[in-house]
Every structure is written in C-alpha cells, then in structure tokens.
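Got the viewer open and a selection box ready? Here is a walk through the model, one selection at a time.

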Amino acid sequence: MSGLRFEDVTLRYPGAEAPALEGLTLDVPAGQRTVLLGPSGCGKTTALRIAAGLERQGAGRVLLDGAPLDRLPPERRGVVLVFQDQMLFPHMDVAANIGFGLRMRRRPAREIAQAVEAALERVQLSGLGARPIGALSGGQRQRVALARALVLRPRVLLLDEPLASLDAHLRGEMQALILDLQQQEGLTLLVVTHDQQEAALLGQRVGLMLKGRLRQLGPPEALWQRPVDAEVARFFGARRLVEGVSRAGVFDCALGRLALPEGAPEGKGHLMIRPEGVRLLPGAGADGHAARVVARQFLGRQSLLTLDLGGTCIEALVAPEDAPDIGAALRVALPPEALWPLPAPTTQR
Ligand SMILES: Nc1ncnc2c1ncn2[C@@H]1O[C@H](COP(=O)(O)OP(=O)(O)OP(=O)(O)O)[C@@H](O)[C@H]1O
C-alpha cells in the first residue's frame with residue numbers, strides 16, 4: 001500500500017517503566033487523512049517523532065511507499081512534522097521562517113522566494129511575509145508553521161495537535177483550511193489530537209491509542225458507535241455500562257432482552273447505551289421501559305438526564321426544552337442503534 005506504514009513499532013524511553021509506544025502497526029494511506037486520538041501521554045507524539053526521524057524506535061520499522069525510512073535522516077524522509085508549539089524562529093520574519101527549510105537545502109533564492117509566496121497564499125496569509133513573528137496572532141502563527149512545512153512538499157505531513165492552542169472560532173477556520181488543503185492537494189496527513197471532536201472532523205480514519213497501544217482503528221463513526229471494549233467506550237464518555245450477555249442479536253440483562261443492531265459481537269460483557277440514542281416516549285403507553293429522572297444537567301445545546309430504570313441507571317441526551325424535571329416518571333425506548341455490546345474481559349475501575 002502506498003503511504004506511511006508503522007510496522008510493530010515500539011519505543012521505551014530510557015528509565016521509563018513502560019514503553020511510550022508498544023507494537024504500533026498502522027497504515028497511513030497516501031492522499032488520506034488519518035488521525036491518532038488519545039489522552040495526554042498515550043504515545044501519539046512519540047509516533048510522529050519516530051516517523052519524522054527525531055526519535056529512534058527500539059523495535060519495528062517505518063516505511064514510506066514500501067521503502068524503510070529508518071536509516072534516513074529527518075531531512076531526507078519526505079516526512080515533515082508541524083510541532084504542537086509551532087517552534088517558529090522569533091528573530092525571523094514570516095517569509096524567512098517559511099523559507100527556512102529550503103535555505104537549509106541550499107535552494108536558489110529565487111526559487112525560495114516563489115515558494116514562500118505560493119505557501120503564503122495557500123495558507124491565506126498573502127502580504128504578511130515581512131511581519132515579525134511576534135506581531136502575529138496565534139492562528140496566524142499556526143498558519144506560518146503549516147506553510148513552513150508545505151514549502152518542503154512533504155510526501156507525508158504530520159500535524160501534532162494543530163488546533164490545541166487556538167480558541168473556538170480560530171479552530172474552526174484552521175480545521176477548514178487543513179481540510180481544504182488536504183483535499184485540493186491530495187496531501188497524506190497524519191494528525192495527532194486528544195480532542196474527540198477534532199478527530200471526528202479531521203479523520204477519514206481514526207486510531208484510538210491508550211497507554212502506548214493502538215486499541216481501535218476505523219472510520220470515526222465506528223469508534224464512537226461500536227467501540228471494541230469497555231475501556232475504549234469509556235474514553236468516548238460511556239459511563240453507565242450494563243452487565244449481561246449478548247447472544248443471537250439480543251442483550252440479556254437487568255433491563256430485559258434488548259434487540260441489538262446487526263453484527264453485534266456475542267458473549268458475556270457489558271452493554272453501552274449511547275445517551276443520544278435513548279428516546280423519551282410521549283404519553284403513558286405500555287411501550288418501552290418505565291423510568292424516573294434522577295438527575296438533570298444542562299449542557300448548553302442539550303440536557304443530560306440520568307434515568308433510573310428499575311434500579312439500573314442509564315443516561316439520555318435530550319433537547320433542553322424536552323428535559324423533564326427531576327423525579328418525573330416517564331417511559332423510554334432503547335432502539336437497537338443506540339446499543340452496542342462490549343465483550344469481556346473489561347477493565348472495570
Ligand atoms: N523524551 C522523553 N523522555 C522520556 N519520556 C518521555 C519523553 N517524551 C515523552 N515521554 C513519555 O512517554 C509517554 C508518551 O509521551 P507522548 O508525548 O508520546 O504522549 P502524547 O500522547 O503525545 O501526549 P501529549 O499530548 O501530552 O504530548 C509519556 O508518558 C511521556 O511522559
């Protein structure tokens with residue numbers, strides 16, 4: 001497959017108890033956006049640093065279009081990393097920052113000037129080449145860092161938390177810019193983030209990492225809706241898992257026998273009930289499950305209800321105007337698409 005490939009890559013920093021990265025096997029297909037998602041310290045940055053040649057793995061290989069990269073120095077890999085904190089040179093203006101890598105490669109001045117102009121345009125900073133770095137906003141600085149990488153015409157572009165330092169408005173702009181650039185130019189992107197929403201937005205495929213290991217890889221929808229186990233489900237916010245057994249399309253548990261979506265894994269374990277999929281039923285019919293509201297939390301666009309279904313608590317997300325009062329009795333439906341069984345063994349805390 002063309003693109004970047006990590007093959008069973010492990011790295012343990014000297015003196016560390018556990019490896020920062022353990023047996024990472026991951027394909028980053030050419031022309032696509034792949035995201036590594038995970039909490040702080042799970043090894044995401046380490047993976048990028050190894051691909052860029054800034055860190056040497058203890059075991060495993062990194063390949064680009066099938067050719068091993070490990071013996072190549074960073075500048076000859078065609079893999080360029082944009083750092084989380086940008087690492088711009090404060091004493092140089094914008095154009096000098098963007099042209100830095102090309103100057104190191106001893107490209108002719110004319111070619112550098114042209115490439116810098118083109119890169120400024122690509123990141124929508126035309127006309128700002130002579131600005132000192134100190135006179136830029138956080139969002140503009142992030143664009144300069146991106147332009148500095150783009151002039152090198154990377155075969156793979158690695159972005160470490162590209163939006164972490166930006167406020168909500170600038171994040172949206174930068175996200176749109178990254179998506180546009182990637183689509184127009186067919187860039188091969190590997191993005192690292194701890195932010196679930198960012199991963200869903202930027203990733204055509206998302207890999208979830210926990211404690212140095214890749215735990216699940218797939219389209220964002222699959223990770224959110226069909227986590228492989230309870231630990232992954234908990235990362236995505238699942239808090240109230242229901243014990244039981246999945247068999248022949250049904251989950252047997254304290255809530256009764258609940259119909260599961262197609263393809264659900266079988267066996268003993270837990271059931272994840274996605275709060276956004278729980279439906280409050282109108283009227284006092286006999287459908288669904290009897291429930292009582294035990295907590296209600298206003299989250300802005302939605303309200304989170306904690307519902308007691310005969311001793312088993314679940315959560316439901318509803319529009320704030322539809323949120324019943326604490327103590328209210330109601331009936332709820334648990335449609336199959338809101339459910340997903342998580343086979344044991346689980347790491348319960
Ligand atoms: N140079 C280093 N020397 C020793 N340990 C390190 C070094 N760099 C990272 N680590 C440790 O390795 C683990 C993985 O770090 P890494 O930076 O890859 O995680 P991360 O998922 O990118 O987290 P963050 O988003 O906080 O940077 C952490 O426990 C970290 O403390």
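Start by selecting V62 and showing its contacts: setting aside neighbours within four places in sequence, V62 touches R5, F6, V9, I50, A51, L69 and D70. Keep in mind as you click around that this is a predicted model. V62 belongs to strand β4, which covers residues 59–64. Is V62 buried or exposed? V62 counts as buried, because 23 other C-beta atoms lie within 10 Å, and the cut-off for buried is 20 or more.

Now add D8 to the selection. The C-alpha atoms of V62 and D8 are separated by 8.8 Å, although the two are 54 residues apart along the chain. D8 sits in strand β1, residues 3–11. In contrast to buried V62, D8 counts as exposed, because it has 12 C-beta neighbours inside 10 Å and the exposed class takes in 12 or fewer. Check the backbone of D8 while you're there: phi is positive, about 50°, and D8 is not a glycine. Most residues other than glycine have a negative phi.

Another backbone of that kind is at Q124, so jump there next. Q124 is not a glycine either, and its phi is positive at about 60°. You'll find Q124 in the loop between α3 and α4. Q124 is partly exposed, because 13 other C-beta atoms lie within 10 Å.

From that loop, move on to helix α4, residues 138–150. This helix has 13 residues and runs 19 Å from its first C-alpha to its last, close to the 18 Å expected at 1.5 Å a residue. Colour its buried residues: Q142, R143, V144, A145, L146, A147, R148, A149 and L150. What covers them? Show β6 (79–82), α2 (94–104), α3 (109–122), β7 (156–160) and α5 (168–185), which are among the elements over those buried residues.

Next, bring up the ligand and the residues around it: Y13, A16, A20, G38, S40, G41, C42, G43, K44, T45, T46 and H194. How many residues of each class are in this shell? Colouring by class should give you 4 nonpolar, 7 polar and 1 charged.

Then head for a run of strands further along the chain. Strand β11 (residues 242–247) pairs with strand β12 (residues 250–253) in the antiparallel sense, over 4 bridges. The two make a hairpin with 2 residues between them, and A248 in that turn has a positive phi of about 50°. Pick G244 and look across to β12 for its bridge partner, C253. Now stay on C253 and look towards β13, where G256 stands opposite. β12 and β13 (residues 256–259) are also antiparallel, paired over 4 bridges, and a hairpin joins them through 2 residues.

Finally, zoom out. The UniProt annotation, from an unreviewed entry, places "domain: ABC transporter" over residues 4–236. Select that span and you get 36% helix and 24% strand, with the end C-alpha atoms 27 Å apart. With the whole protein selected, there are 8 helices and 20 strands to colour, and the C-alpha trace spans about 80 × 45 × 35 Å along its principal axes. Buried residues account for 36% of the 349 in the protein. For a last display, draw the contacts between residues at least 6 apart in sequence: 66% of these join residues at least 24 apart.

Methods. Residues are numbered from 1 along each chain as its sequence is written. This is a predicted model: local features need pLDDT of at least 70, side-chain atom pairs count only at pLDDT 80 or more; totals for chains, interfaces and linings use all residues. A residue is near a molecule or strand if its C-beta atom, placed from the backbone, lies within 6 Å of it. Ala, Val, Leu, Ile, Met, Phe, Trp, Tyr, Cys and Pro count as nonpolar, Asp, Glu, Lys and Arg as charged, and the others, Gly among them, as polar. Two residues are in contact if their C-beta atoms, placed from the backbone, lie within 7 Å. UniProt positions are given in the numbering used here, feature names are shortened, and annotations may be inferred rather than shown by experiment. The expected span of a helix is 1.5 Å times one less than its number of residues. Two strands pair if DSSP finds at least two bridges between them.
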